[in-house]
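User: Could you walk me through this model, starting at the surface and finishing at the metals? Short answers are fine, as long as they show the reasoning.

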Amino acid sequence: MTVEINKEDIFRLAKKLCETPSPSGFESEIREVLIEEIRDYVDELWIDSMGNLIAKKAGQGEGKVMIAAHMDEIGLMITNIDKNGFLRFVPVGGWSPRILPAQRVLIRTIDGNTVHGVIGIKPPHIEKPEERQKVIPLENLFIDIGVTSDEEAKKLGIEVGSIAVIESTVERLGNPDVITGRAFDDKIGVVTAVETLKVLEDSKVDAYFVFTVQEEVGLKGARTAAFSINPDIGIAIDVTIAADVPGTPEHAKIVKLGKGPAIKVMDGRAGSGLIAHPAIRDLLIAVAKEEKIPYQLEVLPGGTTDASAIQITREGIPAGAISIPTRYIHSPIEIVHLEDVTNAVKLLAKAIKKVDSAWINNVLRRRIK
Ligand code: CO
Ligand code: ZN
């Protein structure tokens, strides 16, 4: 490997991507950032008709591997501007209403400008005792942008359909290898894919790195990209739940921060998401053992990734996933460990290099007669 995997680069890129808003369906801004980041490292680069960014890193043509990381994040969409200039919104993707009150938001106007606002909340002084115990329903929340009329809001470029994200920067914590920010789901997966394509060379297979759109609203970009690429296997890179915090019993921690990337075994309720193809799961485990890369096995009881859409595209595409252990997913204070990211890059790069026509035709699938 000529390019070194470097934690500083990972931090820098994570910061750049996380601080670029990209709610599902509105990924054009982050896509441009990514194009500049990867164009010198890939053989072909294009945007498909869904908006996915696809980068091909040519190998020796023994097969095709698709790597998917979604560049969209959960966000908010403005639905109404009242006559006093307050904004109502709906979620884009899976928000917990517990997260939103008292947050600062960044709104993108139709001409691409930024307007800052806050999600207002009643002060405790005038809260009724019963209100104190209750989660405020999403439909009762509003954004305050400090104006006094709908005309003023519209003059700023805010319209029905304008999008917003919670404002949050990427910062290092007490342990400088542990970082916090918004939308590590899945920009930390995007970073992993970018760093992998930079270090990957001499693979037997052609690698297609797909930065997918609209994962958070139904795994949409991955589905159509998998159809057009028609790969032999697909591997999604996404986050998974590190619930290794006070109050979670040992048996329910799923994975732990800093203990290595997770190799997916199953996700979704009762396997309704992905049951990883055994040959891919076992390949990833074998590579981790061989290269002495720490790893964890992941069974995630809810939620899934692009891999489950890839798996049931066309006549079926064997799929698996590598997950970055992440605390507080779908909040503006997600936490990841940079060591888990560098180890995920190593695992993914080494695994792609292991795939060749013999493995595809003898291990992955097999003709009996
Ligand atoms: Co998500
Ligand atoms: Zn995700």
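**Charges, a strand and two metals**

User: What relative accessible area does Lys256 have?

Analyst: Lys256 falls in the partly exposed class, which sits between buried (under 20% relative accessible area) and exposed (over 50%), using a 1.4 Å probe and protein chains only. The value for Lys256 is 29%.

User: Before we go on, which pLDDT do side-chain atom pairs need in order to count?

Analyst: Residues are numbered from 1 along each chain as its sequence is written, chains are lettered from A and ligands numbered from 1 in the order they are written, and side-chain values use heavy atoms, with hydrogens and water left out. This is a predicted model, so totals for chains, interfaces and linings use all residues, local features need pLDDT of at least 70, and side-chain atom pairs count only at pLDDT 80 or more.

User: What is the N to O distance in the salt bridge between Lys256 and Glu250?

Analyst: A salt bridge here is a side-chain nitrogen of Lys or Arg within 4 Å of a carboxyl oxygen of Asp or Glu. Glu250 is exposed at 53%, while Lys256 is partly exposed. Their side chains meet with an N to O distance of 2.8 Å.

User: How many salt bridges does the structure hold?

Analyst: They aren't just isolated pairs, since Arg12, Lys16, Glu37, Glu195 and Lys198 are linked in a network. Lys15 and Glu19 also meet, at 3.2 Å from N to O; Lys15 is partly exposed at 25%, and Glu19 is partly exposed at 34%. The count for the structure is 26.

User: How many residues apart in sequence are the parts that Glu44 and Lys56 tie together?

Analyst: Lys56 is buried at 15% relative accessible area, whereas Glu44 is partly exposed at 41%. Their side chains form a salt bridge at 3.9 Å, N to O. Glu44 belongs to strand β1 (residues 44–47) and Lys56 to strand β2 (residues 53–57), so the contact joins parts whose separation in sequence is 12 residues.

User: How many residues of strand β16 are buried?

Analyst: Strands are DSSP runs (E, at least two residues), numbered from the N terminus, and helices are runs of H or I with at least four. Ala319, Ala321, Ser323 and Pro325 point one way from β16, Gly320, Ile322, Ile324 and Thr326 point the other way, and all are buried. The strand (residues 319–326) is largely enclosed by the rest of the structure, because the buried count is eight of eight.

User: Which residue in β16 is the bridge partner of Asp238?

Analyst: Strands pair if DSSP finds at least two bridges between them. Strand β14 (residues 262–267) runs antiparallel to β16 with two bridges, and there Ile263 stands opposite Ile322. Strand β13 (residues 233–241) pairs with β16 in the parallel sense over eight bridges. In β16, the partner of Asp238 is Ser323.

User: What spacing do the donors of the zinc ion (ligand 2) follow along the chain?

Analyst: Donors are N, O and S atoms within 2.8 Å of the metal (3.2 Å for Na, K and Ca), and with water not among the atoms, sites may look incomplete. For zinc, the protein donors are His70 (NE2), Asp185 (OD) and Asp238 (OD), with Asp238 (OD) listed twice, at 1.9 to 2.6 Å. Asp185 and Asp238 are both buried. Along the chain, the spacing is H-x114-D-x52-D.

User: Which residues donate to the cobalt ion (ligand 1)?

Analyst: The angles among its four donor atoms run from 55 to 151 degrees, and the site is irregular. Tetrahedral would need all angles between 85 and 135 degrees; four donors count as square planar and six as octahedral if opposite donors are over 155 degrees apart and all others between 65 and 115; anything else is irregular. Two of the cobalt donor residues, Glu216 and His330, are buried. The donors, at 1.8 to 2.6 Å, are Asp185 (OD), Glu216 (OE), Glu216 (OE) and His330 (NE2).

User: Which residue coordinates both metal ions?

Analyst: The cobalt ion (ligand 1) and the zinc ion (ligand 2) lie 3.4 Å apart. The residue bridging them is Asp185.
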